[in-house]
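Student: I would like to work through this model with you, beginning with one helix and moving on to the empty space inside the protein. Could we take it one question at a time?

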Amino acid sequence: MHRELTGEGLVFKVGRFRESDCWVRFFSPALGLVTAFAFGGSKSRRRFCGCLDALNRVLFKVRFFPGKGYYCLDEGALLQGFPSLRRDLGRQGLIANCIRFVQAVHVDIQAAPAVHALLLETWEALERAEAVSPLFAQFFRVKMCFDQGFAPCLGTCAVCGRDASGREVLLSLDQGRVYCPRCALFASRTVRLGAEAHAALRRVAESGPRQWNEAELSRPACAEVYRMAEGYVCYHLGLRWSHGRFVSA
Ligand SMILES: [Zn+2]
């Protein structure tokens, strides 16, 4: 017995084996991260019409064989290519970093639609943006962390309740709450966020990747966002970047 499903996926990687067969790793809103075999995939233009390449958004017909524990792709049709992204090595490096992060997080099936939507918007933002924020990879990790149930409360001081918009705050990494400097006595594991870094993180929390390239941040603000992103992701998802890959913290 097998189960069949037709649905879209973003292709992370394609590998070839034997003369005409492929394996395809892709992220699907219905299945999460999947590695599937495409027998005859590198030859059959009728069944796959040139869609089996990394970065493509593809409509797949998938079969799952529970007894054997593997997925097979019967057909694929290209829904969206990303030609500018494909020509830009720097942006491809950013995408590769986002992909490694998604793979390291082990997204569960309930969270897969939100992660897929974030990935697709990331692909589209990097395809179209004229300039890309140097903090884009950090913004992506932080956004994913927020979406996995660890969104901080950035709007008001956790002690006095004062509106913290546009102000310097201390963010408690473990509590996900902000404190104004005079209330910070009550906070633990804090990182300082000046007004600029605080506003940038609120923008990431409230918007998607298309809006992340708009504001240019000063160097001190970049350093603060960087420190926050590393600390927050490490504390909540248990991951840190080391020697070109994500490892358990
Ligand atoms: Zn306060």
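Student: Which residues of helix 7 are buried in this model?

Tutor: Since this is a predicted model, the answer rests on computed accessibility, and a residue counts as buried when its relative accessible area is under 20%. By that cut-off, the buried residues of helix 7 are Ala221, Cys222, Glu224, Val225, Met228, Ala229, Gly231, Tyr232, Val233 and His236.

Student: Which elements do the buried residues of helix 7 pack against?

Tutor: Packing is judged here by contact, that is, by heavy atoms within 4.5 Å. On that basis the partners of the buried residues of helix 7 include both helices and strands, and in chain order they are helix 3 (89-105), helix 5 (136-150), strand 7 (169-172), strand 9 (190-193), helix 6 (195-206) and strand 10.

Student: How far apart are the end C-alpha atoms of helix 7, and what span should its 19 residues have?

Tutor: At 1.5 Å a residue, the expected span of helix 7 is 27 Å. The distance between its end C-alpha atoms agrees with that expectation, because it comes to 26 Å.

Student: Which residue follows helix 7, and what is the sign of its phi?

Tutor: Helix 7 covers residues 219-237. The residue that follows helix 7 has a phi near 70 degrees, which is positive, and that residue is Gly238.

Student: How many cavities of 30 Å³ or more does a search of the whole structure find, and what is the volume of the second largest?

Tutor: The search of the whole structure finds two such cavities. About 70 Å³ of space lies in the largest cavity, while the volume of the second largest is about 40 Å³.

Student: Which element gives the most residues to the lining of the largest cavity?

Tutor: The lining consists of Phe101, Arg141, Ala229, Glu230, Val233, Cys234, Leu239, Arg240, Trp241 and Phe246. Two elements give two or more residues to this lining, namely helix 7 and strand 10 (239-242). With four residues, the element that gives the most is helix 7.

Student: How many charged residues line the second largest cavity?

Tutor: This cavity is lined by Cys157, Arg162, Asp163, Ala164, Arg167, Glu168, Val169 and Cys180. By class, that lining has four nonpolar residues and no polar ones, and the number of charged residues is four.

Note on methods. Residues are numbered from 1 along each chain as its sequence is written. This is a predicted model: local features need pLDDT of at least 70, side-chain atom pairs count only at pLDDT 80 or more; totals for chains, interfaces and linings use all residues. Side-chain values use heavy atoms; hydrogens and water are left out. On a 1 Å grid over the protein atoms alone, a cavity is a set of points where a 1.4 Å probe fits but cannot get out, and a pocket is an open set with protein on both sides within 12 Å along at least five of seven lines; lining residues have an atom within 4 Å of a point. Grid points are joined across faces, edges and corners, and a volume is the space filled by probe spheres set on the points. Ala, Val, Leu, Ile, Met, Phe, Trp, Tyr, Cys and Pro count as nonpolar, Asp, Glu, Lys and Arg as charged, and the others, Gly among them, as polar. The expected span of a helix is 1.5 Å times one less than its number of residues. Buried means under 20% relative accessible area, exposed over 50%, partly exposed in between (1.4 Å probe, protein chains only).
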